[in-house]
Amino acid sequence: MSSKVDVRRVAAVVGALVADAAGQPIHWNYNLDRLDAILAETPEVAFIEPSINPFYTLPCGSQSGYGDQSFTILKSLVDNNGRCNSLYSISLNTDALNKAMYDCFGPDSAYENDTNAIYKDKSDITTKATKYPIHGPWRHFGIKEFLRNFQERKESTGSPTDEQIDCAVRIVPVVALYAGRPEMLSRAEVVVRQTQDNDMCVAVGLAAARILEYCILNGRTDGAVEATIEQLSDQDRECPQELDKAVAGFLREVVRRKSEPHIPVARSIKIS
Ligand SMILES: *[C@@H]1O[C@H](CO)[C@@H](O)[C@H](O)[C@H]1NC(C)=O
């Protein structure tokens, strides 16, 4: 069981969850002047205390709404012998993963909060300054839509419009389990579409899945991004998406500029 590859499967899951908890008290700081001022005074930003998260606060060490999704998927995969789609269940709405997500994020969970429920967009944080950050976990947009669709027993539970980065975190436990097996990408797609049923999230999530799979199978070595670009350009690839070409283009840009300092590069990239 403890081959090098299996050790890296575990490391992918644990690393993603620990990194999530480390970033939770500082993420979503969109006021870059404020963030720069804090960073100038705080050399160590992992597990920063007290929290400077403008949206919500939790005890230091807690998972964010990303980590909780990833952990819920991990636990459901383990509880159900690796199954993550409805092929094995009576209907989509009784699927174990749907139920696990509903239990973690639904009306009877700590995620139920009136202030979070009326939140619309980033401007709320400044215009309704007295109410934020809330004290408790934050329910993401895609999760809100999943809960509505699940309650309405819709066939497709995922949001057609939520194009945020949850997809890249949701795939981690799936890739850890299925790395090296032909069904890896199709399983990851099911898990992304559960809450984000749109091609942008699938293209980005599956690119992340390919990069992570490469690292799990090959260990600490260069070439994961280059190998992913190559896969995305292969006409016979698994789970093809029309957006793969655009994703490959962005990845090429990343490779081309990888020796430049991260922050100015990240700030210079515009995605229309
Ligand atoms: C929701 O957040 C507000 C603001 O932090 C808090 O006062 C309230 O107790 C929370 N509600 C629930 C049900 O947790």
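Visitor: What makes up the shell around the ligand, by residue class?
Guide: One nonpolar, two polar and one charged residue. Here Ala, Val, Leu, Ile, Met, Phe, Trp, Tyr, Cys and Pro count as nonpolar, Asp, Glu, Lys and Arg as charged, and the others, Gly among them, as polar. This is a predicted model: local features need pLDDT of at least 70, side-chain atom pairs count only at pLDDT 80 or more, and totals for chains, interfaces and linings use all residues. Residues are numbered from 1 along each chain as its sequence is written, and side-chain values use heavy atoms, without hydrogens and water.

Visitor: Which residues surround the ligand?
Guide: Glu 112, Asn 113, Ile 134 and His 135. A residue is near a molecule if one of its heavy atoms lies within 4 Å of it. The protein covers 46% of the 360 Å² of accessible area that the ligand has on its own (Shrake-Rupley, 1.4 Å probe).

Visitor: What makes the approach of Asn 113 to the ligand a polar contact?
Guide: A polar side-chain atom of Asn 113 lies 2.3 Å from a ligand oxygen atom. A polar contact is a pair of N or O atoms within 3.5 Å; within protein, one must be able to donate a hydrogen and the other to accept it, and residues adjacent in sequence count only if both atoms are side-chain atoms. So the Asn 113 pair qualifies. A polar backbone atom of His 135 is 2.8 Å from an oxygen atom of the ligand.

Visitor: Why is Arg 170 called buried?
Guide: Its relative accessibility is 0%. Buried means under 20% relative accessible area, exposed over 50%, partly exposed in between (1.4 Å probe, protein chains only). So Arg 170 counts as buried.

Visitor: Where is Arg 170, and what does Arg 170 touch?
Guide: Arg 170 sits in helix α8 (helices, H or I, are DSSP runs of at least four residues, numbered from the N terminus). Its contacts (heavy atoms within 4.5 Å), not counting residues up to four places away in sequence, include Gln 69, Ile 73, Val 191 and Thr 195. The side chains of Arg 170 and Gln 69 are joined by a polar contact of 2.7 Å.

Visitor: Why is α9 called largely enclosed?
Guide: Nine of its 12 residues are buried, so the rest of the structure largely encloses α9. Among those buried are Met 184, Arg 187 and Val 192. Their cover includes α3, α4, α7, α8 and α10.

Visitor: Which members of the largest nonpolar core touch the most others?
Guide: Ile 171, Val 174, Val 175 and Leu 212, out of 30 residues. Such a core is a set of buried Ala, Val, Leu, Ile, Met, Phe, Trp, Tyr and Cys residues joined through side-chain atoms within 4.5 Å.

How values were computed
Helix = DSSP H or I, 4+ residues; strand = E, 2+ residues; numbered from the N terminus.
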